[in-house]
Amino acid sequence: MRMEQEELARRAGVSVTTIRRLEAASGEYAVAKATAGEVQMALQEAGIEFIHDGVRRLSGNSEPALLEDLRNIAKESARLQAALPQWTEDDLYDEHGLPA
């Protein structure tokens with residue numbers, strides 16, 4: 001998941017400048033703790049988990065993206081299949097009626 005600074009600022013209710021200050025800070029908050037908390041809450045609501053020395057995406061929140069990917073794959077597969085000739089019984093069975 002990628003979130004632009006503008007989107008994060010909107011979700012956290014802070015300015016883009018505040019997000020930039022947070023991203024530029026080297027180990028110390030360049031904003032008030034409460035403001036940093038609002039940004040952290042916005043990230044957590046977006047499916048980010050804060051762990052020791054970093055962050056990771058929560059596994060449960062990837063389902064909508066995965067579902068969308070699967071739908072796109074299915075649509076592309078159906079489009080490609082539609083361009084192929086349709087199968088007949090001759091394609092599926094031999095001259096004795098057994099599966100080919």
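A residue counts as exposed when its relative accessible area is over 50%, and as buried when it is under 20%. The exercises below concern a predicted model.

**Exercise 1.** Determine which residues of helix α2 are buried and which are exposed, and explain how they are arranged around the axis.

*Solution.* Step 1: within α2, which spans residues 16-24, the buried positions are Thr-18, Ile-19 and Leu-22. Step 2: these three lie on the same side of α2, because the arc they cover around the axis is only 100 degrees. Step 3: an α-helix has 3.6 residues a turn, so residues three or four places apart point the same way. Step 4: Glu-23 and Ala-24 are exposed on the other side of α2. Step 5: the cover over the buried residues of α2 includes α1 (5-12) and α3 (33-45).

**Exercise 2.** Classify the mutual orientation of α1 and α3, and describe the contact of α1 with α3.

*Solution.* Step 1: the two axes cross at roughly 105 degrees and come within 8 Å. Step 2: angles of 65 to 115 degrees count as roughly perpendicular, and α1 and α3 are therefore roughly perpendicular to each other. Step 3: α1 contributes Leu-8, Arg-11 and Ala-12 to the contact, while α3 contributes Glu-38, Val-39, Ala-42 and Leu-43. Step 4: by class, the residues of this contact comprise 5 nonpolar, 2 charged and no polar.

**Exercise 3.** State where in the chain confidence is highest and where it is lowest.

*Solution.* Step 1: the chain has a mean pLDDT of 82, with 86% of its residues at 70 or more. Step 2: confidence is highest in α1, at a mean of 92, and lowest in strand β2 (residues 54-57), at 74. Step 3: where pLDDT is low, the predicted coordinates should not be read in detail.

Technical notes: Residues are numbered from 1 along each chain as its sequence is written. This is a predicted model: local features need pLDDT of at least 70, side-chain atom pairs count only at pLDDT 80 or more; totals for chains, interfaces and linings use all residues. Side-chain values use heavy atoms; hydrogens and water are left out. Buried means under 20% relative accessible area, exposed over 50%, partly exposed in between (1.4 Å probe, protein chains only). Helices (H or I, at least four residues) and strands (E, at least two) are DSSP runs, numbered from the N terminus. The arc is that of the directions from the helix axis to the C-beta atoms. Contact means heavy atoms within 4.5 Å. Axes are lines fitted to C-alpha atoms, for helices over the stretch in contact, and angles run from 0 to 180 degrees between N-to-C directions. Angles under 35 degrees count as roughly parallel, over 145 as roughly antiparallel, 65 to 115 as roughly perpendicular and the rest as oblique. Ala, Val, Leu, Ile, Met, Phe, Trp, Tyr, Cys and Pro count as nonpolar, Asp, Glu, Lys and Arg as charged, and the others, Gly among them, as polar. pLDDT is the predictor's confidence in each residue, from 0 to 100.
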